[in-house]
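Okay, everyone, thanks for coming. Let me put the structure up on the screen, and then I'll walk you through a few spots in it.

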Amino acid sequence: METFDIIIIGAGHNGLVCAAYLLKAGYRVLLLEKRAVPGGAATTEEALPETAPGFKFNLCAIDHEFIHLSPVVEELELKKFGLEYLYCDPVVFCPHPDGKYFLGHSSVDQTCASIAQFNPQEAERYRQFINYWQQIINALVPIFNAPPQSIINIVRNYDLAALKDALNTVGTPNKALDFVRTMLTSAEDLLDEWFTEPWLKAPLARLAAELGLAPSQKNMAIGAMMMALRHNPGMARPKGGTGALIDALLKRVWEDGGVVMTEQHVERILVDEGRAVGVRVANGQEYRAKCGVISNIDAKRVFLDLMDAADVDAADANLRRRVDKRIINNNESLLKIDCALSEPLRFDRYQHRDEYLIGSVLIADSVDQVETAHHEAARGRIPDQDPSMYAVVPTMLDPSMAPDGKHTLWIEFFAPYQIAGAEGTGLNGTGWTDDVKNQVADRVLAKLADYSPNLNQSVIARRVESPAELGQRLGAYRGNYYHIDMSLEQMVFLRPLPEIANYQTPIEGLYLTGAGTHPGGSISGMPGRNCARAFLGAQRGIFKLLEEVRHSMRRSAL
C-alpha cells in the first residue's frame, strides 16, 4: 500500500493545476486518472489513426479565454514547460441567411467597423455593450480567483482598477439594483434591449448559450459577456492543441516530484473515523493519503457513488439527499464531430477570406434557432432539423495539427444525453446508437455545407461522438461537460451547494475541485488553484487566518 500526502482523483487540467500548487508547497501528490490519457476534457489526440493518420483533434475543449483571467500560466511558469498560446484574430465569423455576416475581431474598433458596413448605429451600440460587460468582467475577476466564501482572499485580489470597475457597476444604490436586474434577466432579453439586427443578435445569443442554457433562460444574462471576453483578455489556443496545456502541466508536476498514474479507476474513497484517508481503485489496489483526498470529478458521483452512505450520513445527514435532489443537470450535452479535411471551408457567398476561419465559425441563423437548440435538447429531442452549431478549423491558426496542406474541422452540436422515448436502448440506455449519432452528424454537416458547399467533397474521414460516449469517456455525469449546470443558483458560493461551495466538505480531509466548483466549467485552472489555496489555508489553521485578517485591516486603514 503506497502512501502520499495528497491524492487527487482525476488528472484533468484542474486536477493538474491543483497538484502543481500543492507540490510547490512541499506536499507529495498522487494523481489517479481513469483514462490512459491524462487531461480529461482538455486532450488533443490522433483520434483517427487508420483513416486520417497525422491529424490531431481536440476532443472537447478548444478555445481558451478564462485561463487568461487567472495567474495560473504565469505562476506555474508553464511557458518554461513548452506552453505557447496562439491568439485568434478574427475571433468569430457568423454568416446570416440574408447575406450579411458578423465578423468579430479581437479589436473592438475593427469589430465596430465590420458591423458599421451594415448598420452604423448598431456598431455604436455594440461598443457601449462591450464596454459595459468589460467593467462587469473586471469587477468579477477578483471573485473568480479566490475561494468564494473567503472574503479576505477576495478583497486582496482587488487592485485600484478592479475596484474602480466594481464601483462603476454597483457603486450607487441605483447601479446596484440595475446590476441585480440585469443578472436576473435573460441573455435574449438583454440583447433585445441593446440591438435590433437579427444577424448580430444571433451570434451573440449562440455565444451566450455556451454556458449550456437557452438564451431565454432567466437569471442567465451573464452569458452575454462571452463576446467581451474575446476582446479582452482575448481568445487563444495552445500551439499543438489544447493537449499542449496538459503536456506543460504534466511536466510541471513531474519536475516537482508529482506522480500521475493512468488507467486507475477510483471506485471508493476510504474514510476512517470521519476523515478521508485514501482511495481504492478498480483492481483492488489502495492508496493512502496523510493529509487529504481531492476530487476533480462531480459531487454527485463523489457522494452517491464513491463513498459509503454511512460515512457521508455520519458527517451530514442531509448531504446525500441534497446532492441528489438539489444539484441540477438539464439533460443537455454535446454531440462532437471531428473531420479530417483535404481543404478548408470556403464561404464564397460572403466574399470569403481565409481569416474568417481563424476564430470560431457560428451557424446561428436566428435567436429562435439557438433557442430551439437548447429547449429541444433539454426535453430529450434532438434539434437537428435546422441545426445550429459551433465550428472551428483549428489548422488555419495552427497548421502543425494536420499533414501539410490538410486541415481539421471541430464541431460542437447541442444534443440531449437521454433521448426521449428511447429509454433503455442504445449506450447506457440513453437511446444513442451508432446509426442515430451518424444520422444526426449527416444533418449537421449538411447544414454547414449550405454555407460552405466545398465541405461535401473535402471530408477525408470523420469521428462522431454521441453525448453518451462523451459522458462515458470523460466520466461526466449525464454527459454534462460542466459537471453541473452553470445556472445562477449553482454559481459562486452556491456551487455545487452552499455547504460544499468552498472546496471543503463535511468529511474531514475531503476536498472538491473541477468544473462543478467555483467559478465553473471552461479552461481556466481557477477551480484547481482556488482549491489548492483552500487546502493550504486549512493547513495553516485559525491562528494564521487571524493574523492575515489583522494585516488586511492594517492595510485598509493606511
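Before the sheet, one bit of vocabulary: two strands pair if DSSP finds at least two bridges between them. And keep in mind that what you're looking at is a predicted model.

So, the sheet. With that pairing rule, seven strands form an open sheet, and the order runs S7-S6-S14-S15-S16-S13-S17. The pairing in there is mixed. Which strands stand at the edges? Those are S7, residues 101-104, and S17, residues 459-465. Each has a single partner strand, so one side of each is left without a neighbour in the sheet. As for twist, neighbouring strands of this sheet are turned by 20° against each other on average, if you ignore direction.

Let's zoom in on one pairing from that sheet. S13, which covers residues 332-341, and S16, residues 407-416, pair in the antiparallel sense, and they do that over ten bridges. If you want a specific place to click, take Lys 336: the bridge partner in S16 is Glu 412. As a general reminder, strands of a sheet pair through backbone hydrogen bonds, either parallel or antiparallel.

Next, a hairpin. Here S10, residues 266-272, pairs with S11, residues 275-281, again antiparallel, over six bridges. Ile 269 has Val 279 of S11 as its bridge partner. The hairpin has two residues between the strands, and Glu 273 takes a positive phi there, near 55°.

Okay, on to helices. H8 is residues 187-194 and H9 is residues 198-208; their axes come within 10 Å and cross at roughly 150°. Roughly antiparallel means over 145 degrees, and H8 and H9 are therefore roughly antiparallel to each other. The crossing of H8 and H9 is right-handed. Who makes the contact? On the H8 side you've got Ala 187, Leu 191 and Asp 192, and on the H9 side Lys 201, Leu 204, Ala 205 and Ala 208. Sort the residues of that contact by character and you get five nonpolar, no polar and two charged.

Last stop, the aromatics. How many aromatic pairs does a search of the whole structure find? It comes back with 17. Here's one of them: the ring centres of Phe 129 and Trp 194 are 5.3 Å apart with the planes at 70°, so this pair is edge-to-face. It also links distant parts of the chain, since Phe 129 is in H4, residues 120-144, and Trp 194 is in H8, 65 residues apart.

That's my tour, over to you.

Notes. Residues numbered from 1 in each chain as written. Predicted model: local features only at pLDDT ≥ 70, side-chain atom pairs only at ≥ 80, totals over all residues. Heavy atoms only, no water. Axes fitted to C-alpha atoms, helices over the stretch in contact; angles between N-to-C directions. Helix = DSSP H or I, 4+ residues; strand = E, 2+ residues; numbered from the N terminus. Parallel < 35°, antiparallel > 145°, perpendicular 65-115°, else oblique. Left-handed = near helix turned anticlockwise from the far one by under 90°. Contact = heavy atoms within 4.5 Å. Nonpolar A, V, L, I, M, F, W, Y, C, P; charged D, E, K, R; others polar. Phe/Tyr/Trp six-rings, centres within 6.5 Å; stacked < 30°, edge-to-face > 60°.
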